[in-house]
Amino acid sequence: RFAGHAATLADEARAAGVTLALENLHDPVPLFVSLLALPELAEWRALWNVAHAHAFGGPVGLAGAAGLLSGRLCGFSISDNRGSADDHLGLGRGNVDVRGFLRGVWAGRRELPVFVEVHEGAALIASLKTLRRWARAV
């Protein structure tokens, strides 16, 4: 049923000149990758949420996910967490290897948009400074 809806959405998006993306939510990484492998999702791209993958992703590490999605990635959402919930912490406030993930992604596609998804204004400003520092180091 999902595949049929995905194909219909792809037809509509193509006609409108829009790119569709599937975001990993609370799904294990292998399930997310298998969904993107469906023929009906061939035109869809991946919007990768690093924090979701850390909290709910299962056995595939962030660096491995970056490799699996490299041809499909259209952008990614970053925040930090402690590994058991989607805390939306500022970068460096939890234990997500966001920097390692970014190194893997930025090695090939630096132009991809980054969505910093934190809940507090001060955390957003600090995260943007951290992101800028990491970007210069890559």
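Reader: Which element of the protein chain has the lowest mean pLDDT, and which the highest?

Author: Keep in mind that this is a predicted model. Where pLDDT is low, don't read the predicted coordinates in detail. Here, helix 4 (residues 62–69) has the lowest mean pLDDT, at 65, while strand 1 (residues 21–23) has the highest, at 92.

Reader: And what is the mean pLDDT of the whole protein chain?

Author: The mean is 85, and 90% of the residues reach 70 or more.

Reader: Okay, now the layout. How many helices and strands does the protein chain have?

Author: You'll find six helices and four strands. Start at the N terminus and walk along: the order is α-β-α-β-α-α-β-α-β-α.

Reader: How do I read contacts in the protein chain by their separation?

Author: Take the contacts with a separation of 6 or more, then ask how many join residues 24 or more positions apart. In this chain, that share is 69%.

Reader: Let's pick one residue. Is His52 buried or exposed?

Author: The idea is to compare relative accessibility with a cut-off: buried means under 20%. His52 has 7%, so it counts as buried. Across the protein chain, buried residues make up 37% of the 138 residues.

Reader: Where is His52 found, and what does His52 touch?

Author: Look in helix 3, residues 50–56. Leaving out residues up to four places away in sequence, His52 touches Glu23, Asn24, Leu25, Gly57 and Asp86.

Reader: Last one: how much accessible surface does the protein chain have?

Author: About 7,400 Å², with 57% of that belonging to carbon and sulfur atoms.

Methods
Residues numbered from 1 in each chain as written. Predicted model: local features only at pLDDT ≥ 70, side-chain atom pairs only at ≥ 80, totals over all residues. Heavy atoms only, no water. Helix = DSSP H or I, 4+ residues; strand = E, 2+ residues; numbered from the N terminus. Buried < 20%, exposed > 50% of the residue type's maximum accessible area, 1.4 Å probe, protein only. Contact = heavy atoms within 4.5 Å. pLDDT = per-residue confidence, 0-100. Areas by Shrake-Rupley, 256 points an atom, 1.4 Å probe, with all protein chains shown as cover.
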